[in-house]
Amino acid sequence: MQAKVSVRRFNPDEEQPKPYDQQYDIEVEEHFTVLDALIKVREEVDGSLALRCSCRAAICGSCAMRVNGHAVLACKARVSQHLSDDGEVRVEPAGNQPVIKDLVVDLEPFWNKVRAVEPYLQPSLPEPEAEYLAPNEVMLHLVDVMGCIMCGACVSDCTVLEVDPNFLGPAALAKAYRFVADTRDEEDSKRLGLYNGYGGIWDCTRCGECVAACPKGVAPMDRIMALREKAIESGTPPGGYDGAAYGYRHAEAFEEIVSHKGRLEETMLVVKTLGMFNLPKMLGMLPVGLNAMFHRKMPSPFAPTVPGVNQIRRLAARIKMNKDGAAR
Amino acid sequence: MRYAFFPGCVSRGGAPELYQSTIAVAGRIGIELEEIEGWSCTGAGALQESNPLLGDTLNARNFALAQRMGLSIMTICSTCQGVMAQARVRLEDEEYRAQINELLAEEDLEYTGGIQVKHMLWIMVEDIGLDHIKSLAVKSLDGVFLAPFYGCYIVRPSAALEYDAYPQRKIALELVIEALGATAVDNDGKTRCCGFPILTINERNSLAMVAKHTGEAQDLGADAMVTPCPLCHLNLDGFQSKAARQVGRQINVPILHLPQLIGAALGLDGPALGLNRHIVSSFDVALKMGLRV
Ligand code: SF4
Ligand code: SF4
Ligand code: FES
């Protein structure tokens with residue numbers, strides 16, 4: 001089978017380095033992975049192509065890159081499944097990370113963020129005589145999170161990192177969850193306080209890209225949501241970052257409005273989230289609000305109540321009661 | 001074709017023109033909509049953050065109400081579609097469903113599993129058929145360039161959305177755009193996040209996303225963007241000028257709801273489709289589509 005492998009290249013040693021695309025037409029076997037194809041290019045066509053790989057078995061995490069616009073492990077993605085109708089496959093370096101050369105990106109920022117979440121167990125003292133013990137059940141659901149191979153595929157596709165490099169990102173925050181959920185770790189409240197900061201759990205948009213990109217089922221977004229829930233439930237103060245305070249209030253206001261009205265009312269949500277007396281913020285929203293009103297977009301505050309709303313209120317109350325009871 | 005209609009909070013709130021255009025278009029293409037009486041919010045993923053059980057319970061309740069009508073559900077919001085699809089997967093677990101049904105029993109409701117939930121976009125491609133829509137179109141949108149913008153929840157996670165069984169879902173918007181004679185403008189942002197969920201949390205980042213996507217569509221020569229998600233619409237339309245100011249450039253791209261696009265080809269006029277209710281003016285694109293504005 002013929003394949004046109006189109007590679008986004010970058011050579012820092014050129015006089016005015018800038019990325020460009022180069023196409024290699026090669027013969028591939030049905031079982032070829034994208035990595036197989038790239039290695040074939042490097043060995044038979046163009047020895048200057050730079051890429052990173054090691055295990056070739058989706059274990060080491062070194063070959064994450066974008067294939068047809070989405071991050072994958074090159075050693076796990078089959079060429080045949082990514083060929084377009086005219087037999088092309090597009091390969092680019094992983095996103096949101098500085099490119100060193102061709103398909104090799106600089107993982108320094110990645111590791112710095114992983115380090116920033118304190119990715120090690122912080123158990124209580126005094127030390128036990130043998131190892132710290134954890135019951136099997138509480139560790140079992142962490143198996144997927146611990147399966148992270150630090151490949152950075154999730155980071156490559158994260159939509160927040162695209163606009164804000166300060167965001168800790170999916171891999172580091174999934175790692176953070178791993179320690180908060182570990183019963184041997186005693187520093188939950190310190191950790192949650194730390195993760196509440198700018199660039200932490202509240203900055204995620206819940207876009208799901210990281211879940212789609214992760215080759216190991218880590219589901220970073222779900223872990224970030226679990227951290228938010230833990231932060232709220234444990235009563236950890238939002239701390240110095242405004243975004244966290246808005247995040248807490250947004251989650252609470254959303255639940256409150258839906259529990260009471262059955263449906264969401266955006267205006268009320270915005271007011272409750274930002275705070276009625278938060279003048280600078282409210283003024284910032286005002287032009288949009290007025291404009292919306294002018295275009296007859298604002299719902300009437302006298303909208304009829306939802307039929308069955310009493311039942312919804314009862315459901316919400318019962319669930320809340322059970323939840324509070326369980327928490328106690 | 002009859003559906004249990006789930007309009008979602010936003011089409012009954014901040015994007016009333018979506019509701020209006022849906023109703024106008026449905027009648028023309030032979031979709032009978034029976035609104036689910038007493039439907040509630042799906043939780044939009046936000047409620048699931050603080051209270052997942054309440055989220056699933058409310059969805060199960062909506063499903064049960066639709067089942068009582070004996071109909072499949074039609075949504076008009078990518079977020080509702082995604083949240084319902086995910087809840088639907090979790091509710092296939094019998095033990096979990098029984099636990100939730102216990103709560104619903106008070107209202108004499110029971111969800112027995114297996115409900116179909118389809119976005120209007122998918123219904124166009126899978127149930128109505130593009131040929132049929134084409135045959136109803138009174139004009140071709142030839143020469144109009146439209147950038148599709150899906151909204152996260154109708155794209156991910158693809159398993160819950162059954163992309164394997166329905167591979168056209170991946171390109172459904174492009175299919176509809178092209179079927180109506182317009183040109184789909186491929187853009188990198190089309191399956192990315194519009195930034196709405198963090199609008200109140202980190203406005204700067206949210207606006208940066210709006211600017212990125214609308215700016216890209218404009219640079220690619222799109223006359224408008226088309227979205228099946230009213231939340232994307234709220235952000236891309238309502239906050240576009242603020243976003244443009246933040247990045248210091250001019251951006252002016254009208255954002256159309258899916259049924260507005262279909263309605264335009266079916267010969268409905270601007271006011272009937274609520275095109276006059278957008279913040280970024282749709283005047284130019286409406287003229288280009290040959291609509292009375
Ligand atoms: S869900 Fe959050 S962490 Fe994951 S890719 Fe989206 S923004 Fe990034
Ligand atoms: S979470 Fe998944 S995608 Fe991200 S680094 Fe770990 S294994 Fe790779
Ligand atoms: S080479 Fe090790 S994960 Fe691909």
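Me: Before we look at the loops, how are helices and strands defined and numbered here?
Reply: Happy to start there. Helices (H or I, at least four residues) and strands (E, at least two) are DSSP runs, and their numbers count from the N terminus.

Me: Thanks! In this predicted model, which residue of the loop between strand 6 and strand 7 of chain A has a positive phi although it is not a glycine?
Reply: Strand 6 covers 99–101 and strand 7 covers 104–105 in chain A. The residue in the loop between them has a phi of about 45 degrees. That residue is A:Asp102.

Me: Is A:Asp102 buried or exposed?
Reply: Its relative accessible area is 1%. Buried means under 20%, so A:Asp102 is buried.

Me: And B:Asp108, is that buried or exposed?
Reply: B:Asp108 sits in the loop between helix 5 (94–104) and strand 4 (117–119) of chain B. There it takes a positive phi of about 65 degrees, although it is not a glycine. Its relative accessibility is 68% and the cut-off is over 50%, so B:Asp108 counts as exposed.

Me: Which two residues does the cis peptide bond in chain B join?
Reply: Look in the loop between strand 5 (145–148) and helix 8 (172–179) of chain B, where the proline of the pair lies. Omega at this bond is about -10 degrees. The pair is B:Arg156 and B:Pro157.

Me: What phi does the glycine just after helix 11 of chain B take?
Reply: Helix 11 spans residues 240–247, with B:Gln240, B:Lys242, B:Ala243 and B:Ala244 buried. Just after this helix comes B:Gly248, and its phi is positive, at about 65 degrees.

Notes: Residues are numbered from 1 along each chain as its sequence is written. Chains are lettered from A and ligands numbered from 1 in the order in which they are written. This is a predicted model: local features need pLDDT of at least 70, side-chain atom pairs count only at pLDDT 80 or more; totals for chains, interfaces and linings use all residues. Side-chain values use heavy atoms; hydrogens and water are left out. Buried means under 20% relative accessible area, exposed over 50%, partly exposed in between (1.4 Å probe, protein chains only).
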